[in-house]
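Visitor: I would like to learn how to read a few features of a protein model. Could you take me through them?

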Amino acid sequence: MGAYTVNRPEEAAMRRLLKRNPDNAAGAILRLAWLQGLLREEITTLTWDRVSFLDHKILLPGREAPMAEEMEDYLRKMYGKWSRVSEYVVFSQRFRKPMQPQAVSRAARRELDSEGQTAVRLIDLRHDYVIRQLQTHAAPYVAQVTGMEVRTLQLHFSEHMEAARRPTLRQTRQPAPVDEFRLWKILQAEKDTAAGLALWLTWQMGLSGGEIVSLTWDQVDLEGGLLRLRGREAPLTSTVRQMLLDRRDRGGEDPHVLLSDSAGRPLDLPRLSRLARTVLIRGGMDQMTLRDLYRAAGRGGTEARLLELIRQKGAICRGDVIETLGVTSAAAYGVLRRMADEHKLVRVGGKYYLPGTVVPPEEQPAAIREYLERVGFAYRQDIAGVLRVGSKQCGVILRHLVESGELVQVRQKYYLNTQAEAEAR
């Protein structure tokens with residue numbers, strides 16, 4: 001078998017189509033296929049609980065696809081507008097129900113034909129995504145994010161796999177840890193520049209590059225101390241508020257907050273990324289990008305909010321995370337699982353605690369045995385106090401130990417199995 005015959009679309013034509021379809025089903029279909037590489041079946045079945053804004057990923061069967069910044073900004077806007085209407089990302093706005101695969105293909109066909117891309121199929125958009133990935137990433141990484149096997153990529157896309165032979169790639173590097181002291185010096189030195197404001201908005205406020213370049217003054221509530229973004233509000237820190245006040249006082253007619261220092265014109269995302277990169281390199285953070293700061297700020301801010309909530313409540317569950325962060329159930333589970341894996345939280349059943357405030361699950365049987373050996377028997381509330389968990393959670397733990405034969409329950413009392421046998425004799 002040879003390489004696939006791929007009818008690659010013209011980039012200019014695709015950009016015109018995306019601009020013409022900013023928030024409808026056709027626009028979502030084209031973006032998910034061309035910018036994210038989803039198959040038709042993945043597009044038709046994708047629900048909002050599989051879009052993890054916290055981890056910047058789309059969770060698909062058998063793989064996790066990292067979202068490009070352009071894709072993430074678009075999906076955030078769509079989520080704010082349509083998630084209450086349908087749980088599906090792509091749905092018929094007329095009938096308020098998921099689109100069938102044939103309807104997805106027809107919508108893509110109609111739009112592609114309108115720009116003269118008559119030979120381009122929906123699957124070609126995915127293949128174009130695969131090719132673009134292979135031109136900048138190694139084959140194992142592309143296999144991971146597309147769900148294709150490396151052998152399949154080698155068999156059908158070998159002419160596009162130059163990147164696989166490169167020993168190192170900038171795109172696949174792991175971001176360097178944030179040197180907060182060095183970053184703080186950069187932030188102080190660049191307060192009066194556009195790049196400096198962008199770094200403050202990213203690191204302190206958690207705004208993405210796309211949110212920064214599109215930010216206008218009607219979204220800035222200086223009196224209320226808020227930025228009103230699509231689908232969320234971000235409280236202003238005192239420093240960022242003062243920077244915005246200073247910038248507004250010397251601003252002109254343009255409604256955009258971030259204007260170039262020289263020409264006073266709005267910045268696009270590539271130009272902003274280059275400016276921020278220059279400032280970071282000049283400050284000694286040559287391995288850092290604006291995107292790296294955004295990811296670090298988002299994760300750090302999320303974890304800080306959850307840790308503070310646990311300190312207030314004693315424990316939290318997935319529902320608390322959904323309510324606090326305004327995310328999907330899958331995203332909430334993802335961040336809780338990651339924090340538990342990193343030993344920042346301890347999971348007991350469906351509750352999450354701070355380390356040291358609760359007996360971890362792997363130590364619970366030993367703690368219960370030691371207690372019962374000392375006191376003879378105990379009620380559920382006694383053992384809940386030993387484990388420092390709620391009575392309901394303790395009931396589940398005790399039931400498992402009774403079923404496994406480690407404990408015996410006599411009415412409302414719990415005994416070690418050997419003690420119960422001795423009393424029976």
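Guide: We take strands, cysteines and one loop residue in turn, and the model is predicted.

Visitor: In which order do the strands of the open sheet stand, and in what sense do they pair?

Guide: Three things are read from a sheet: order, sense and edges. Here 3 strands form an open sheet in the order 6-7-8, with antiparallel pairing. Strand 6 (220-221) and strand 8 (232-235) are the edges; each has a single partner strand, so one side of each is left without a neighbour in the sheet.

Visitor: How many bridges pair strand 6 with strand 7, and which residue is the partner of valine 220?

Guide: Strand 7 covers residues 226-229 and pairs with strand 6 over 2 bridges. Valine 220 has leucine 227, in strand 7, as its bridge partner.

Visitor: What lies between strand 1 and strand 2 in their hairpin?

Guide: For a hairpin, look at the pairing and then at the turn. Strand 1 (residues 51-52) and strand 2 (residues 57-60) run antiparallel and are joined by 2 bridges, with valine 51 opposite isoleucine 58. Between the two strands are 4 residues, and histidine 56 in the turn has a positive phi of about 60°.

Visitor: How many residues lie between strand 2 and strand 3?

Guide: There are 2 residues between them in this hairpin, and glycine 62 in the turn has a positive phi of about 85°. The antiparallel pairing of strand 2 with strand 3 (residues 63-66) spans 4 bridges. One of the facing pairs is leucine 60 opposite arginine 63.

Visitor: How many disulfides are there?

Guide: A disulfide is a covalent bond between the sulfur atoms of two cysteines. The cut-off used is a sulfur pair within 2.5 Å, and the count here is 0 disulfides. For cysteine 317, the nearest cysteine sulfur is that of cysteine 394, 18 Å away. Cysteine 394 is likewise in no disulfide.

Visitor: Are cysteine 317 and cysteine 394 buried or exposed?

Guide: Buried means under 20% relative accessible area and exposed means over 50%, with partly exposed in between. Cysteine 317 has 26% relative accessibility, so this residue counts as partly exposed. Cysteine 394, at 0%, counts as buried.

Visitor: Where is asparagine 21, and what does it touch?

Guide: For a loop residue, begin with the flanking elements. Asparagine 21 sits in the loop between helix 1 (11-20) and helix 2 (25-34). With a relative accessibility of 4%, asparagine 21 counts as buried. Leaving out residues up to four places away in sequence, asparagine 21 touches Ala26, Gly27, Arg31 and Glu111.

How values were computed. Residues numbered from 1 in each chain as written. Predicted model: local features only at pLDDT ≥ 70, side-chain atom pairs only at ≥ 80, totals over all residues. Heavy atoms only, no water. Pairing = 2+ DSSP bridges. Buried < 20%, exposed > 50% of the residue type's maximum accessible area, 1.4 Å probe, protein only. Contact = heavy atoms within 4.5 Å.
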